[in-house]
Amino acid sequence: MRAEIATLQEDMERLGYIADPAITTALFLSREMRRPLLIEGDAGVGKTEIAKVLARLLDTELIRLQCYEGLDVSTSLYEWNYQRQMLRLRIAEQEQKSAEEIEDLIFGRSYLLERPLLRAITRREGPAVLLIDEIDRADDGFEAFLLEVLSDFQVTIPELGTIRAEHIPYVILTSNRTREIGDALRRRCLYLYIEHPTLEKEVRILRTRVPGAGARLAEEIGRFMQALRRRRLSRAPGVAETIDWAQALLHLHREHLDRETVEQTLGCILKDQHDLRDLSGAALDPVLAEATG
Amino acid sequence: MSEPADLVHHLAGFARALREHGVGVNMSDEADGLAALTLIDLGDRAEVRRALRTALKIRQRDISVFEELFDRLWTARTGSARLLAQKRRVQAAGRPRPQTGAPRPRPDRDSALESVMPEGDEPGYSPEAVLRRKPFDELSPADLLAMERLLSRLALRLATRTSRRRVPSVRGEVDLRRSFRRALAHGGEYLSLARRARAIEEPRLAVLCDTSGSMDPHARFLLGFMLALRRVAKSERSSEIFAFNTSLVRLTPFLRTLAPERLSRVLERLAAEVPDWAGGTRIGECLAEFVDHHLDQRVDARTVVLILSDGLDRGDIAPLADAMRAIHARARRVLWLNPLAGDHRYEPTARAMAAALPYIDQLLPAHNLESLERLLPLLAA
């Protein structure tokens with residue numbers, strides 16, 4: 001293994017993110033090749049967390065753009081501050097300024113509201129980490145626009161001209177795959193698919209993130225989660241749920257899993273009514289047996 | 001052969017093998033793969049594997065194919081000195097420029113996650129509720145009339161679904177950006193406010209309707225629904241309708257010339273245009289014809305393809321599977337309505353049905369109006 005990749009893994013672990021080599025290799029390549037990294041995987045496997053850890057690792061700002069249907073340029077890139085422009089316009093009229101002067105005044109950078117994408121490319125202190133979260137929720141049109149920004153790292157504002165990136169940000173895109181990402185955008189990025197963690201990795205994550213949980217409890221929780229994911233569920237729980245659950249159990253002062261405890265706290269890990277119903281009562285026993293046996 | 005070329009060739013051969021096994025890897029991906037290989041420890045096979053997975057953008061569904069080909073084709077190379085020399089030369093040569101071709105439309109494969117709950121009207125006893133659940137083949141002429149009214153209400157609901165995207169409009173919320181722009185033209189006076197409202201997104205549909213004998217009552221209803229939809233849709237181009245049994249007929253042009261009249265009469269006239277209406281079926285050949293002559297023009301990444309058939313066909317299933325694969329690759333979503341699926345004991349075991357199944361996003365029942373209602377959220381743009 002290349003030394004830098006091993007170091008990256010240690011560094012991330014120091015910050016509390018247990019990364020397997022697939023994750024660190026992808027992150028290393030994305031950093032070296034200066035290409036955005038598209039991360040896919042089920043909800044709760046730690047996609048967003050990667051961007052946060054990367055920002056801390058590089059000691060830089062994390063700029064986050066949360067995508068949703070209907071997201072457009074004025075909320076993702078820039079917007080003029082109309083109220084201030086209008087006020088300035090009134091004052092300028094009283095000062096009897098010429099049209100050109102007024103125009104230069106109100107279309108200056110100080111009247112521009114920077115939204116996440118613009119902020120990410122205009123940050124002066126060094127490259128930021130730009131997290132474009134849940135890109136699958138935005139519509140196709142926005143994806144095409146994003147592709148343009150991510151290809152050139154420059155933005156054209158009609159009144160101001162073209163703004164080039166001061167530093168090219170580290171870009172991480174995440175997707176829950178509710179919609180297939182277009183081929184062009186996918187090709188622009190490097191790609192990482194995160195699986196649910198193995199038992200060993202999940203236990204290590206638990207020991208790191210919930211240090212109060214004993215070795216036995218962590219092991220049992222890990223095995224329970226693994227057994228749960230082998231069942232047919234409409235929403236398989238991710239690591240995020242595992243951590244929540246461990247914390248809940250800790251607050252309840254439980255040191256190992258039994259049926260009563262699990263039944264009381266199942267809502268921490270199963271967030272679907274049908275899953276909860278299917279796994280109530282006696283249906284829990286085989287899963288518990290796998291976890292504690 | 002020079003040594004750096006060796007690594008390039010090896011990667012190209014590997015990429016070709018991936019393509020031959022249906023994994024989409026193009027030139028720009030190969031260039032990324034090569035760039036990635038120059039950055040990692042080539043002696044570490046596991047790392048090479050991981051790097052290629054990331055740089056060639058191997059999706060989760062293709063991972064097993066990738067792993068198998070990697071094991072078989074990526075020869076173990078231990079002569080790291082030789083490879084290092086290659087690496088340096090490759091680095092010196094610089095990264096080839098990625099070539100980005102026209103983006104291929106992607107089908108929406110995760111649509112199975114979407115809710116299929118009917119929206120709107122509450123269940124309960126009412127003549128309408130009974131009508132909704134009544135199987136199509138048990139309807140009386142009086143039912144048919146009532147059904148027509150219901151159909152057009154359903155169609156209206158679908159055609160007026162609003163998107164979350166906002167577009168300029170005469171009504172709706174104030175659009176500051178455009179209002180300001182307008183005011184500037186009048187020296188800063190807001191003479192009029194620009195407004196924006198949610199766009200109405202019309203669904204784009206391609207409907208393939210089996211009109212063979214076993215499907216007759218159901219075909220009439222699906223076609224009736226589509227006709228009602230066309231009537232309320234703003235754009236004529238929003239839906240395409242085909243009928244098939246032993247051959248494929250594009251019905252769309254006939255619909256244009258039909259005056260709005262009683263559904264049953266329209267259907268009678270359509271039936272006259274389709275040879276062998278209520279005869280036997282050759283699904284595979286008909287779908288293959290659709291792929292050859294209509295797929296490129298009538299189906300794009302926004303189109304939902306709706307196939308109505310019971311899948312009872314004794315013909316060759318190979319052309320069917322090929323055609324379904326092609327349709328699935330191009331359409332936004334492929335839905336198959338099977339009246340038989342209304343029976344909870346139904347398993348899609350008919351040969352044609354089983355062959356088509358891997359390329360269907362959702363298999364749905366279509367035996368009564370209620371099941372058509374469930375379709376609505378799936379058809380929406």
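**Exercise 1. Describe the six-stranded sheet of chain B: its order, its pairing and its edges.**

Step 1. The six strands form an open sheet in the order S6-S5-S4-S7-S8-S9 (chain B). Strands are DSSP runs (E, at least two residues), and helices are runs of H or I with at least four residues, numbered from the N terminus. Two strands pair if DSSP finds at least two bridges between them.

Step 2. The pairing is mixed. Strands of a sheet pair through backbone hydrogen bonds, either parallel or antiparallel.

Step 3. Find the edges. Strand S6 (248–250) and strand S9 (362–365) of chain B each have a single partner strand, so one side of each is left without a neighbour in the sheet.

Step 4. Add the twist. Neighbouring strands are turned by 20 degrees against each other on average, direction ignored.

Before going on, note the ground rules. This is a predicted model, in which local features need pLDDT of at least 70 and side-chain atom pairs count only at pLDDT 80 or more, while totals for chains, interfaces and linings use all residues. Residues are numbered from 1 along each chain as its sequence is written, and chains are lettered from A and ligands numbered from 1 in the order in which they are written.

**Exercise 2. Which bridge partner does B:Leu205 have in S7(B), and which helices lie across strands of the sheet?**

Step 1. Strand S4 (residues 204–210) and strand S7 (residues 303–308) of chain B pair in the parallel sense over six bridges. The partner of B:Leu205 is B:Val304.

Step 2. Helix H12 (residues 283–293) of chain B lies across S4, S5 and S6 of chain B, at about 45 degrees to S6(B). Axes are lines fitted to C-alpha atoms, for helices over the stretch in contact, and angles run from 0 to 180 degrees between N-to-C directions.

Step 3. Helix H16 (residues 369–379) of chain B lies across S4, S7, S8 and S9 of chain B, at about 150 degrees to S9(B).

**Exercise 3. Describe the five-stranded sheet of chain A.**

Step 1. The order is S2-S5-S8-S1-S9 (chain A), the sheet is open and the pairing is parallel.

Step 2. Strand S2 (62–66) and strand S9 (190–194) of chain A are the edge strands. The twist averages 20 degrees from one strand to the next.

Step 3. Pick one pair. S2(A) and S5(A) are joined by five bridges. A:Gln66 has A:Asp133 of S5(A) as its bridge partner.

**Exercise 4. At what angle do H1(A) and H2(A) pack?**

Step 1. Helix H1 (residues 3–14) and helix H2 (residues 21–32) of chain A pack at about 115 degrees, with axes 9 Å apart.

Step 2. That makes H1(A) roughly perpendicular to H2(A). Angles of 65 to 115 degrees count as roughly perpendicular, under 35 as roughly parallel, over 145 as roughly antiparallel and the rest as oblique.

Step 3. Name some contact residues: A:Leu8 and A:Met12 of H1(A) and A:Leu27 and A:Phe28 of H2(A) are among them. Residues are in contact if their C-beta atoms, placed from the backbone, lie within 7 Å.

**Exercise 5. How many residues does each chain give to the contact between chains A and B?**

Step 1. Chain B gives 34 residues and chain A gives 31 residues.

Step 2. In chain B, H3(B) supplies the largest share, six residues.

**Exercise 6. Where is confidence lowest and highest in chain A?**

Step 1. Confidence here is pLDDT, given for each residue from 0 to 100. The mean for chain A is 90.

Step 2. Helix H14 (residues 273–278) of chain A is lowest, at a mean of 82, and S5(A) is highest, at 97.

Technical notes: Contact = placed C-beta atoms within 7 Å. pLDDT = per-residue confidence, 0-100.
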